[in-house]
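Here is a short tour of a protein model, written with a computational chemist in mind. Have a look at the fold, then read on.

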Amino acid sequence: MDDTTLRLRARVTILEQLTVRLFAILGAEHASSIKTVVENLDHVFQNAKDSELFGADLAAESRGDLFNMTTNEWAWMRAQILDPIR
């Protein structure tokens, strides 16, 4: 793996963990707001398959791959955020 890919993976890992932990801290007092934010993101991802959100600069196949990967990763992150506040 090249340095750029490693750096990006490291940053994504850090952001994932930071996001999940911040939501866990906020969840105690703001559970309904967090659920609203998560539901809003659900709608963004569901309606964004052909939007610029998924790499307007990419070929159609790559955009589709990015969409699929993003929705899979969002499902994991969504569970990490919501499970502790249920």
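## A bent helix and its partner

Aspartate 2 caps the N-terminal end of H1, with a side-chain oxygen 3.1 Å from the backbone nitrogen of threonine 4. A polar contact here is a pair of N or O atoms within 3.5 Å; within protein, one must be able to donate a hydrogen and the other to accept it, and residues adjacent in sequence count only if both atoms are side-chain atoms. This is a predicted model, where local features need pLDDT of at least 70, side-chain atom pairs count only at pLDDT 80 or more, and totals for chains, interfaces and linings use all residues. Residues are numbered from 1 along each chain as its sequence is written, and side-chain values use heavy atoms, leaving out hydrogens and water.

Helix H1 covers residues 3-46, yet its end C-alpha atoms are only 32 Å apart, short of the 64 Å that a straight helix would reach at 1.5 Å a residue. Follow it along and you meet a kink of about 115 degrees, centred on histidine 30; the bend is the angle between axes fitted to the seven residues ending there and the seven starting there.

Among the buried residues of H1 (under 20% relative accessible area, 1.4 Å probe, protein chains only) are Val20, Phe23 and Ile34. The buried residues of H1 pack against helix H2 (60-82).

Some values for the whole chain:

| Property | Value |
|---|---|
| C-alpha span along principal axes | about 45 × 30 × 15 Å |
| Buried share of the 86 residues | 21% |
| Exposed area | about 6,400 Å² |

Note on methods. Helices (H or I, at least four residues) and strands (E, at least two) are DSSP runs, numbered from the N terminus. The expected span of a helix is 1.5 Å times one less than its number of residues. Buried means under 20% relative accessible area, exposed over 50%, partly exposed in between (1.4 Å probe, protein chains only). Contact means heavy atoms within 4.5 Å. Accessible areas come from the Shrake-Rupley method with a 1.4 Å probe; for residues, only the protein chains shown count as cover.
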